[in-house]
Amino acid sequence: MRYRTLLREWPIRTFAVRYSTFAILTCACCLVLAAGCQDTNKCEPLLAHIDRLTQSQSKLQDDLTRVKSEDEQLKQQVQVLSGLPKDVRLASLYQLQAVRIYRYTTLLDENKDGKMDHLVVYLQPIDEQGDVVKAAGAVNVQLWDLNKPSGQALLGQWNVGPEELKKRWVSFLVTDYRLTFKLPEEIAHWERPLTVKVTFTDYLRGKVFNEQRVIQPEQP
């Protein structure tokens, strides 16, 4: 058990050591520059070296953030698997093949004031048999207006963790996850198509599924 823990934590510790080393080297170079670099021409190579160190440090910071995210996902997977009965084998569990955004996905005017204020997404994880399954995982949802300039096209973005996701499971007329989100800004006139993009991370097997669907305003 201790071996597994050390193995899981090794990437984060390795990145942390490398990040600290670059930080020390960068500080040392700055001290040398401040102490005795009076000639601009002689200082240029040192400045270039500091710039390279800074860029490398920034990349290591990004890598460290990514590894921490992957480690958190691994912990969530372990938590899900540890809650299974001892006689359940991994091979007998579902194998997620796709994630489908169901056709009822749309914008809603919940307070009936003539403005769209909520996005409702119906999400169906599909196994290898083509059945809808209550898959454990995390969801990222984005709403786009692709007719707008790139800097304005993203209208909203939301994340749903595994604990919250399992509360959103419904099995009535349609079996799926029903996710409802408050729009950052009400849409007074929904007159053109919007695009819903979903990223689903399956915590059982670690796979990531991407799906998108164009939603249309209701015709009067």
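Here are a few worked exercises on the structure above.

This is a predicted model, so local features need pLDDT of at least 70 and side-chain atom pairs count only at pLDDT 80 or more, while totals for chains, interfaces and linings use all residues. Residues are numbered from 1 along each chain as its sequence is written, and side-chain values use heavy atoms, with hydrogens and water left out.

**Exercise 1. Find which residues of the largest nonpolar core touch the most other members, and which strand gives the most to this core.**

Step 1: get the terms straight. A nonpolar core is a set of buried Ala, Val, Leu, Ile, Met, Phe, Trp, Tyr and Cys residues joined through side-chain atoms within 4.5 Å. Buried means under 20% relative accessible area, exposed over 50%, and partly exposed in between (1.4 Å probe, protein chains only). Strands are DSSP runs of E, at least two residues, numbered from the N terminus.

Step 2: look at the members. The core has 29 residues, and Leu119 and Val141 touch the most other members.

Step 3: go strand by strand. Strands supplying at least two residues each include β3 (116-127), β4 (137-144) and β8 (194-202). The top giver is β7, with five residues.

Step 4: list what Leu119 touches (contact means heavy atoms within 4.5 Å). Leaving out residues up to four places away in sequence, its contacts include Val141, Leu143, Trp158, Phe181 and Ile215.

**Exercise 2. Work out how many residues of β4 are buried, and which strands it pairs with.**

Step 1: count. Eight of its eight residues are buried.

Step 2: split the strand by face. Gly137, Val139, Val141 and Leu143 sit on one side, with Ala138, Asn140, Gln142 and Trp144 on the other, and both faces are covered.

Step 3: check the neighbours (two strands pair if DSSP finds at least two bridges between them). β4 pairs antiparallel with β8 over eight bridges, and Leu143 has Val196 as its bridge partner there. β4 and β5 also run antiparallel, joined by six bridges; in β5, Leu154 is the bridge partner of Trp144.

**Exercise 3. Decide whether Thr105 and Gln129 are buried or exposed.**

Step 1: place them. Thr105 is in the loop between β1 and β2, and Gln129 is in the loop between β3 and β4.

Step 2: compare with the cut-offs. Thr105 is buried, because its relative accessible area is 4%. Gln129 is exposed, because its value is 59%.

Step 3: look around Thr105. Its side chain reaches the backbone oxygen of Tyr102 at 2.9 Å, and among the residues it touches are Val120, Tyr122 and Ile215.

Methods. Helices (H or I, at least four residues) and strands (E, at least two) are DSSP runs, numbered from the N terminus. Contact means heavy atoms within 4.5 Å. A polar contact is a pair of N or O atoms within 3.5 Å; within protein, one must be able to donate a hydrogen and the other to accept it, and residues adjacent in sequence count only if both atoms are side-chain atoms.
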